Amino acid sequence: MTAGTVVAAILTLAIFSFLYRENPFFRFAEHLLVGLSAGYFTVIAVQGTLVPKVIEPLKAGDFWVVISFVLIILILGRLTEKTRPASRIPLALVIGAGAGVAVPALLQARILVQLGATMKPLGSLTNVLILVGVITTLVYFYFSREHKGWWGRLASVGTWYLMIFFGATFGNTVMSRISLLIGRLEFLFGDFLGLIK
């Protein structure tokens with residue numbers, strides 16, 4: 001058994017101790033995770049972005065990257081009250097560029113693809129169920145007309161679609177958490193205690 005296995009087992013048990021109640025062992029493991037994650041991603045950002053995108057081009061004589069270096073310094077201005085307003089410039093650029101990149105991708109993934117799936121030929125039961133689900137769910141969320149009569153029955157079908165969706169999503173979430181728990185228990189009883197092979 002390696003020292004890494006012992007440390008991982010102790011930290012796993014510290015995290016599991018939260019099942020009893022919040023305690024110093026859990027808080028230590030939680031803070032250690034946050035600190036290690038921050039340090040890890042800082043190193044990744046420096047080695048993966050700052051060095052190849054700023055430092056190395058500067059050494060090669062490409063002084064256009066000074067602009068990005070200045071923006072990096074400005075964004076660090078959020079750390080103090082006096083320089084905080086200057087950090088709005090790089091933040092605005094990041095948010096604007098991010099929105100510009102994300103909006104077309106989201107339109108494609110969440111609207112156009114969904115519309116395409118809805119407009120398929122009704123040659124199979126699956127396509128019919130998709131079309132009925134989309135229409136009845138839209139009817140459910142149409143609140144400008146009272147849900148009575150045939151309109152209410154359509155909204156009721158939409159409610160069933162929503163409940164099936166939420167149930168499947170919740171079941172998927174529970175199964176993923178149980179999968180994580182099984183992995184940790186296998187580690188504790190296998191690698192750490194050696195009770196299972």
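This passage describes the overall fold, the surface and the first helix of a predicted model.

The protein chain contains six helices and zero strands, and along the sequence these elements follow the pattern α-α-α-α-α-α. The C-alpha trace spans about 70 × 60 × 35 Å along its principal axes. The radius of gyration of the protein chain is 27 Å, whereas a compact globule of 197 residues would have a value near 16 Å. Of the contacts between residues at least 6 apart in sequence, 27% join residues that are at least 24 apart.

With regard to burial and surface composition, 14% of the 197 residues of the protein chain count as buried. The exposed area of the protein chain amounts to about 15200 Å², of which carbon and sulfur atoms supply 74%. The protein chain carries 16 positive and 8 negative side chains, and the centres of these two sets are separated by 8 Å.

Helix H1 comprises the 14 residues 3-16, for which a rise of 1.5 Å a residue leads to an expected span of 20 Å; the C-alpha atoms at the two ends of helix H1 lie 20 Å apart, and the computed distance therefore agrees with the expectation. Within H1, the buried residues are Thr5, Ala9, Thr12 and Ala14, and the elements that cover these buried residues include helix H2, residues 24-59, and helix H6, residues 149-192. In an α-helix, residues three or four places apart point the same way, because there are 3.6 residues a turn.

Note on methods. Residues numbered from 1 in each chain as written. Predicted model: local features only at pLDDT ≥ 70, side-chain atom pairs only at ≥ 80, totals over all residues. Heavy atoms only, no water. Helix = DSSP H or I, 4+ residues; strand = E, 2+ residues; numbered from the N terminus. Expected span 1.5 Å × (residues − 1). Buried < 20%, exposed > 50% of the residue type's maximum accessible area, 1.4 Å probe, protein only. Contact = heavy atoms within 4.5 Å. Rg over C-alpha atoms; globule rule 2.2 N^0.38 Å. Areas by Shrake-Rupley, 256 points an atom, 1.4 Å probe, with all protein chains shown as cover. Lys, Arg positive; Asp, Glu negative; His and termini not counted. Charge placed at Lys NZ, Arg CZ, Asp CG, Glu CD.
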